[in-house]
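Biologist: I'd love a close look at a single part of this model, and at whatever its side chains lead us to. Please take me through it in one go, with the cut-offs behind each term.

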Amino acid sequence: MKLAGALAVPLLALVVVTILEVVQSANESRRVSEQKDLAEATVGPLSLLSVLEDERNAAAVYTMGVEDAVALPVEDNGQARAAVDAAISSFRAEVNERGGNIALAYAPALEQLDGLDALRDRIDAVPDEQRTLENIEVVSATFDDYSQIMDAFFDANKRVALAIDSPDL
């Protein structure tokens, strides 16, 4: 009996220390997982930004009427827009799946995409006779509007990247 009493205190202490270590390890694992999610989220919009850039360039070439003179990674506005729409759908799904801080960080950028249809409509409304190299004001405004959308994603990436604590990520 004395032996059991003498061993009870060290065994109880061992159990308490073990429980504390397990809780600490679980918390660290959760933090690492959150950091990994943040790091992966900054990579997500890169494909969207790339195809947005293609669409921006295709729109500029179209509004200047020089489609045949300039080689782009897309054939025309239709192909560029389809690629952007697919990338938007994929990115929205990823953000919705991750939720939390990632959804909050990218919400302003995703809101910027709400103006994309109106921007496309303005491009399509440029009359054929105005689609010349002299149409620089429209091209510049279009370029700036696309850049504003893209800048919102760069800003979101910056916010997410700054939230990452781990230098290994």
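**Helix H4 and its surroundings**

Modeller: Happily! Helix H4 has a kink of about 45° at Tyr 106, shortly before the proline Pro 108. The bend at a residue is the angle between axes fitted to the seven residues ending there and the seven starting there, while helices are DSSP runs (H or I, at least four residues; for strands, E, at least two), numbered from the N terminus. Bear in mind that this is a predicted model, where local features need pLDDT of at least 70 and side-chain atom pairs count only at pLDDT 80 or more, whereas totals for chains, interfaces and linings use all residues. Residues are numbered from 1 along each chain as its sequence is written, and side-chain values use heavy atoms, leaving out hydrogens and water.

What about the span of H4? Its 13 residues should cover 18 Å at 1.5 Å a residue, and the end C-alpha atoms are 19 Å apart, which agrees; the expected span is 1.5 Å times one less than the number of residues. Ile 102, Ala 105, Tyr 106, Ala 109 and Leu 110 are the buried residues of H4, buried being under 20% relative accessible area, exposed over 50% and partly exposed in between (1.4 Å probe, protein chains only).

Back at the kink, Tyr 106 is buried at 0% relative accessibility, and its ring takes us to the aromatic pairs. There are 2 of these in the structure; rings of Phe, Tyr and Trp (its six-membered ring) pair if their centres lie within 6.5 Å, with planes under 30 degrees apart called stacked, over 60 edge-to-face and the rest tilted. Phe 91 and Tyr 106 have ring centres 5.1 Å apart and planes at 85°, so they meet edge-to-face. Since Phe 91 belongs to helix H3 (residues 77-98) and Tyr 106 to helix H4 (residues 100-112), the pair ties together parts 15 residues apart in sequence. Phe 91 is itself buried, at 3% relative accessible area. Its ring also pairs with that of Phe 153: the centres are 5.8 Å apart and the planes at 70°, so this pair is edge-to-face too. Here Phe 153 lies in helix H6 (residues 136-163) and Phe 91 in H3, so parts 62 residues apart in sequence are tied together. Ring pairs thus link Phe 91, Tyr 106 and Phe 153 into a cluster.

H3 carries charged contacts as well. Asp 85 and Arg 120 meet in a salt bridge (2.9 Å, N to O), a term for a side-chain nitrogen of Lys or Arg within 4 Å of a carboxyl oxygen of Asp or Glu. Asp 85 lies in H3 and Arg 120 in H5, so this bridge ties together parts 35 residues apart in sequence. Asp 85 is partly exposed, with a relative accessible area of 39%, whereas Arg 120 counts as buried at 7%. Arg 120 also forms a salt bridge with Glu 55, the closest N and O atoms being 2.8 Å apart. With Arg 120 in helix H5 (residues 116-124) and Glu 55 in helix H2 (residues 45-64), that pair ties together parts 65 residues apart in sequence. Glu 55 is buried, at 0% relative accessibility. Together with Asp 117, the residues Glu 55, Asp 85 and Arg 120 are linked in a network of salt bridges.
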